[in-house]
Amino acid sequence: MASSMACFFLLSFLLALSFSATAKQTYLVHMKHSAKPQSFATHHDWYSSSLQSITSTSESLLYTYSTAFPGFAASLDPEEVESLRKSEAVLDVYEDTVYSLHTTRTPEFLGLNADLGLFDGHTTLDIDQASHDVIIGVLDTGVWPESRSFDDTGMPEIPTRWKGECESGADFSAKLCNKKLIGARYFSKGYHMASGGSYLRKPKEIESPRDQDGHGTHTASTAAGSQVANASLLGYASGTARGMATHARVAGYKVCWSTGCFGSDILAGMDRAIADGVDVLSLSLGGGSVPYYRDTIAIGAFAAMERGIFVSCSAGNSGPNKATLANVAPWITTVGAGTLDRDFPAYAVLGDNNRITGVSLYSGTGMGNKPVGLIYNKGHSSSNLCLPGSLEPALVRGKVVVCDRGINARVEKGAVVRDAGGIGMILANTEASGEELVADSHLLPAVAVGRKAGDIIREYVKNNANPTALLSFGGTVLNVRPSPVVAAFSSRGPNLVTPQILKPDLIGPGVNILAAWSEGVGPTGLEKDTRKTQFNIISGTSMSCPHISGVAALLKAAHPRWSPSAIKSALMTTAYMVDNTNSPLRDAGSVTGALSNPWAHGSGHVDPHRALSPGLVYDISTDEYVAFLCSLGYSIDHVQAIGKRPNITCSRKFSDPGQLNYPSFSVVFAGKRVVRYTRELTNVGEAGSIYEVAVTAPPAVAVKVNPTKLVFRNVGDKLRYTVTFVAKKGANQAARYEFGSIEWRNVQHQVKSPVSFAWTQL
């Protein structure tokens, strides 16, 4: 999570206050496509005319969208907004939304560095080679094209179907693109408008595709970066860095700027990426939970899905609290985060000889070998949080400072301590972060510790007249057990928009991930960090999302005719739910080390090799998604606005949104004891396959599957089954939610779907 984005909500609020009530702002105007008069040759002409009817300023029109969204973005004052809302051709007008970024070992951890056998006559390495026909569009903070991760050595010619381009800017030449980085564009009109026509946080921020933040370069190289030998972050995590699909193409769409990612710019990027011809869209950003017809990312993703484009989005970094998910539309693959089996240990030895283990990516000269004073100012002007200006130099000079985690960025706390004269920091988790440890490249010697260790340190400082500490650093350690563990920050279900759809869909590596970095910013992202590095280690669901995007590109190369929902199904039903100790996945957000559940990990952790050959898939057509939307009680105008086709009707709709042919189940018993869903499976495995069902369910629920055996005579055959869930009378439902699974299996394949049960709707 790039620190330069950490305070964008506050900045956006201050920006809003700075404008008068009559100042122009950016609005998205949702048009009724069916209302376009035949006198207009294009929708663009119609939009322009609609806007000209209420304003005389030609500069008001920022974007017109052709595929991703039925409407346009414009700079409007309140009177103009009201005029548009009165038009029968306008469905809705609403303010531009600010979205946030959801900020090497992983290929080996996922089994992608080794060839594990044949698949349809081809090795998995052959499939990676074949991915050169797959194009991944990354909507983020741009790219650093000089990175070795975008080296195109050995890449064949760019696919002729590609319609994208490399846009020039003051600091970016179109010649920097190549056969790996085949496109680079930028979209800033929404950001520019929100900034009052100027770039408030970075006066020198240049409009170009160049990444001055690092986040976009990191995500793009994670998805499809070329192999780079001898990569590391200042000596940490040294080895060969590579993306998931090393031969896939990358197209960067810069839609995020110093104060955030504006919906109007995101839609413009999605609109262009669809037209350019991408096969996969990767968005490591998101907002809150709103109806799908008000969710710009969901609307743009629907247009992509219709055209066969797989869309992967990060789940958000608001865990471990429940119901904190972003990007929950069922046509989006929603990705949570887990840990790797790699760690960066660091130690704090207290004056009582208690040796506390934590993590750190500090790479300086250290603090020597003599203990120094240790200080923790609990309750003193928020100095326990080490907020800017909260530390008194006279108290902390020459000492190690204990800082509670929370409020401001972790790396900023270290900078605050350093600037106040402290020579070291112990970053101690509180209850909110549990035992999750995230390593950072701090500007001073610093060790991050979990809540239990933090409490021990706080108690030691409190009960000793002259507390001391000595910090030391252990480098890189591999084969950490247990792993993966669900990251505490990873956002959780249930899905507030549609409780009958279980989200997130799955998790991927998202903690302490090494990938390419912008040389325009230091590894902490702080302006005062003048260090330059070609690679960085950061954490967030922003990092797990491009892992799934890259794996999806491999599946697209192996199965060019598969729909986005088939690819998602393969990823979900083959995911695993045990760690490297063969125990159920655990949750770092729990102080007690409790087990994780599908509201945290979805279907489980991605398994690329098994996903290549899932046996069966749950496929979903566009018409089925429309029936799903109709079952939500949306008006036909809202359904047409998402589907962007004037001939859409709700002649078919599900009796329950959970009837969608989804690879997981979310059963809500609120107000009823019986829930019955039907699913359809498509055989993508062997002819003559026979599958039998296995069910796990909590004692409070009876589950019946009919039939219990599926016989697929041919490849491509489709068979249905019905599941009846019954909440038992008299069962104790104090917990309000439980979990189970439905699995179809034979000797070759296990097709597993998680099931969540809830007795109330949150």
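## Helix packing and buried cores in a predicted model

Helices H8 and H9 run roughly parallel to each other, because angles under 35 degrees count as such and their axes cross at roughly 5 degrees. The model is a predicted one, and in it the axes of H8, which spans residues 263-276, and of H9 come within 10 Å. On the H8 side the contact is made by Gly263, Ile266, Leu267, Met270 and Ile274, while H9 brings Thr296, Ile297, Gly300, Ala301, Ala303 and Ala304. Sorted by class, the contact of H8 with H9 has eight nonpolar, three polar and no charged residues.

Isoleucine 266 of H8 takes part in this helix contact, and this residue is also listed among those with the most contacts inside the largest nonpolar core, together with Leu281, Leu283, Leu285, Tyr292 and Trp331. That core has 66 residues, and H9 gives the most to it, with eight residues. Where does this core lie with respect to domain 1 and domain 2? Domain 1 (20-95) and domain 2 (107-199 + 213-337 + 483-585 + 594-612) both give residues to the core, so it lies between them. Apart from it lies another core, of 38 residues, with Cys177, Ala223, Ala558 and Leu571 among them.

Two buried or core residues can be set side by side through their contacts, leaving aside neighbours within four places in sequence.

| Residue | In contact with |
|---|---|
| Isoleucine 266 | Tyr99, Leu139, Val255, Cys261, Leu283, Leu285 and Ile297 |
| Serine 603 | Asp505, Leu506, Met572, Ala575, Met577 and Pro754 |

Serine 603 lies in the loop between helix H15 (598-601) and helix H16 (608-612). Is serine 603 buried or exposed? Its relative accessible area is 3%, and since buried means under 20%, serine 603 counts as buried.

Helix H18, which covers residues 636-643, offers a further example of burial: six of its eight residues are buried, so the helix is largely enclosed by the rest of the structure. The buried residues of H18 are His638, Val639, Gln640, Ala641, Ile642 and Gly643. What covers them includes two strands, E1 (25-31) and E4 (90-95), as well as two helices, H9 (296-306) and H17 (622-630). Helix H9 therefore appears both in the cover of H18 and in its roughly parallel arrangement with H8. After H18 comes lysine 644, whose phi is positive, near 60 degrees.

Definitions and conventions:
Residues are numbered from 1 along each chain as its sequence is written. This is a predicted model: local features need pLDDT of at least 70, side-chain atom pairs count only at pLDDT 80 or more; totals for chains, interfaces and linings use all residues. Side-chain values use heavy atoms; hydrogens and water are left out. Buried means under 20% relative accessible area, exposed over 50%, partly exposed in between (1.4 Å probe, protein chains only). Helices (H or I, at least four residues) and strands (E, at least two) are DSSP runs, numbered from the N terminus. Contact means heavy atoms within 4.5 Å. A nonpolar core is a set of buried Ala, Val, Leu, Ile, Met, Phe, Trp, Tyr and Cys residues joined through side-chain atoms within 4.5 Å. Domain bounds come from an automatic or database domain assignment. Axes are lines fitted to C-alpha atoms, for helices over the stretch in contact, and angles run from 0 to 180 degrees between N-to-C directions. Angles under 35 degrees count as roughly parallel, over 145 as roughly antiparallel, 65 to 115 as roughly perpendicular and the rest as oblique. Ala, Val, Leu, Ile, Met, Phe, Trp, Tyr, Cys and Pro count as nonpolar, Asp, Glu, Lys and Arg as charged, and the others, Gly among them, as polar.
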